[in-house]
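Colleague: I should like to go through the terms used for this model and see each value set against its criterion. Shall we begin with burial and strands?

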Amino acid sequence: MAQEQELIARLETGVLWLTLNRPERRNAISPTLYEALLEALDGAGRDPAVGAVVLAGAGAAFCAGGDVARMRRQADAPQPSPAQRVAAMRGRTRIVEYLHGMPKPTIAMIRGAAVGAGLSLALACDLRYGDGTARLRTGFAGVGVPGDFGGHYFLPRIVGPAKARELYLCSPMLSADEAAALGLLNEVYTPERLEPEVAGIARALACGPQPAIGRMKENLNDGLELGLADMLDRECARHVECVDSADHREAVRAFLEKRPPVFQSRVRADGGRDPE
């Protein structure tokens, strides 16, 4: 794709790679990039050729969050009403709802800075991997705002409420190893191994039993909010649904025959999906 595009999308072996492509601005999010991400993630959730999504940044940073230079220009321009601005912001934040809620695994591959809304994008993903250059920071206090894009939802659930308060109020810059120790990164790889390792994880997920993986993600998300009885109801319904599937029957046969399963609903290497 043309390099002037602010979001580069490529589909490989069932994995949709979405690369934020504003390296000269450390991939700070622009209005064009917001819209491109919304469109790509909405489509990915419904596309049977997509089995997993990887979000990455071009150049030396993952995402520096909002574009502060653009904020300065906007401050000098006539402003819509607060209600209009809230509505516009809320529309953009559907990005994190897609990353968190779509029935496909989402992965953040982090090199360099993941700050502010950029950190929130990473937190909304199911898995996060980085290399030794990764630097994570909430960063909002430094620009005089409380923060958006769901960070207040995700961060306490990952690191606990006390640590989340420290990370928001004091806004330290976390190294890759510090972020991994807190559970913000699942693994830290060397720079040369980061992309191959993430690609391998994403391909394995895309080749897995897609309905079961989607239901598993629904269960994990519901488990953050529901009481035990309601959660057990949903687990049972989704489990029985998948027990009756061709994927489950294949997995049982493969176990008994001591071979890897070949799931009928996996995403194929050519980007299609086998019939269920």
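Modeller: Buried means under 20% relative accessible area, exposed means over 50%, and partly exposed lies in between (1.4 Å probe, protein chains only). Helices (H or I, at least four residues) and strands (E, at least two) are DSSP runs, numbered from the N terminus. The model is a predicted one, in which local features need pLDDT of at least 70 and side-chain atom pairs count only at pLDDT 80 or more, while totals for chains, interfaces and linings use all residues. Residues are numbered from 1 along each chain as its sequence is written, and side-chain values use heavy atoms, with hydrogens and water left out.

Colleague: Why is strand 4 called largely enclosed by the rest of the structure?

Modeller: Five of the five residues of strand 4 meet the criterion for buried, and therefore the strand is described as largely enclosed. In a regular strand the side chains alternate between the two faces of the sheet. Here, Thr106, Ala108 and Ile110 are buried on one side of strand 4, and Ile107 and Met109 are buried on the other.

Colleague: What makes strand 3 and strand 4 a pair?

Modeller: Two strands pair if DSSP finds at least two bridges between them. Strand 3 (residues 52–57) and strand 4 have three bridges, in the parallel sense; Val54 stands opposite Ile107 of strand 4. Strand 4 and strand 6 also run parallel and are joined by four bridges, with Gly130 in strand 6 as the bridge partner of Ile110.

Colleague: Why is the contact of Arg111 with Asp131 called a salt bridge?

Modeller: A salt bridge is a side-chain nitrogen of Lys or Arg within 4 Å of a carboxyl oxygen of Asp or Glu. For Arg111 and Asp131, the closest N and O atoms are 3.5 Å apart, which satisfies the criterion. Arg111 is in the loop between strand 4 (106–110) and strand 5 (113–115), and Asp131 is in strand 6 (residues 127–131), so the pair ties together parts that are 20 residues apart in sequence. Arg111 has 24% relative accessibility and therefore counts as partly exposed, whereas Asp131, at 1%, counts as buried. A search of the whole structure finds 18 salt bridges.

Colleague: How do you know that Glu218 and Arg215 are separated by about one helical turn?

Modeller: They are three residues apart in helix 10 (residues 210–222), hence the description. Their closest N and O atoms are 4.0 Å apart, and the pair is counted as a salt bridge. Glu218, at 28% relative accessibility, is partly exposed, as is Arg215 at 23%.

Colleague: What makes Arg234 and Asp222 a tie between separate parts of the chain?

Modeller: Their closest N and O atoms are 3.2 Å apart, so they form a salt bridge. Arg234 lies in helix 11 (residues 228–243) and Asp222 in helix 10, so the pair ties together parts 12 residues apart in sequence. Arg234 is partly exposed, with a relative accessible area of 36%, and Asp222 is buried, with 17%. Salt bridges that share partners join Arg215, Glu218, Asp222, Arg234, Arg238 and Glu241 into one network.

Colleague: How many aromatic pairs does the structure hold, and why is that of Tyr34 and Phe149 called stacked?

Modeller: The structure holds four aromatic pairs. Rings of Phe, Tyr and Trp (its six-membered ring) pair if their centres lie within 6.5 Å; planes under 30 degrees apart count as stacked, over 60 as edge-to-face and the rest as tilted. The ring centres of Tyr34 and Phe149 are 5.7 Å apart and their planes are at 15°, so the pair is stacked. Tyr34 belongs to helix 1 (residues 31–46) and Phe149 to the loop between strand 7 (135–137) and helix 6 (151–159), 115 residues apart. Both Tyr34 and Phe149 are buried.

Colleague: What makes Phe140 and Tyr168 a stacked pair?

Modeller: Their ring centres are 6.2 Å apart and their planes are at 5°, so the pair is stacked. Phe140 is in the loop between strand 7 and helix 6, and Tyr168 is in helix 7 (residues 161–169), 28 residues apart. Phe140 is buried at a relative accessible area of 8%, and Tyr168 is buried at 12%.
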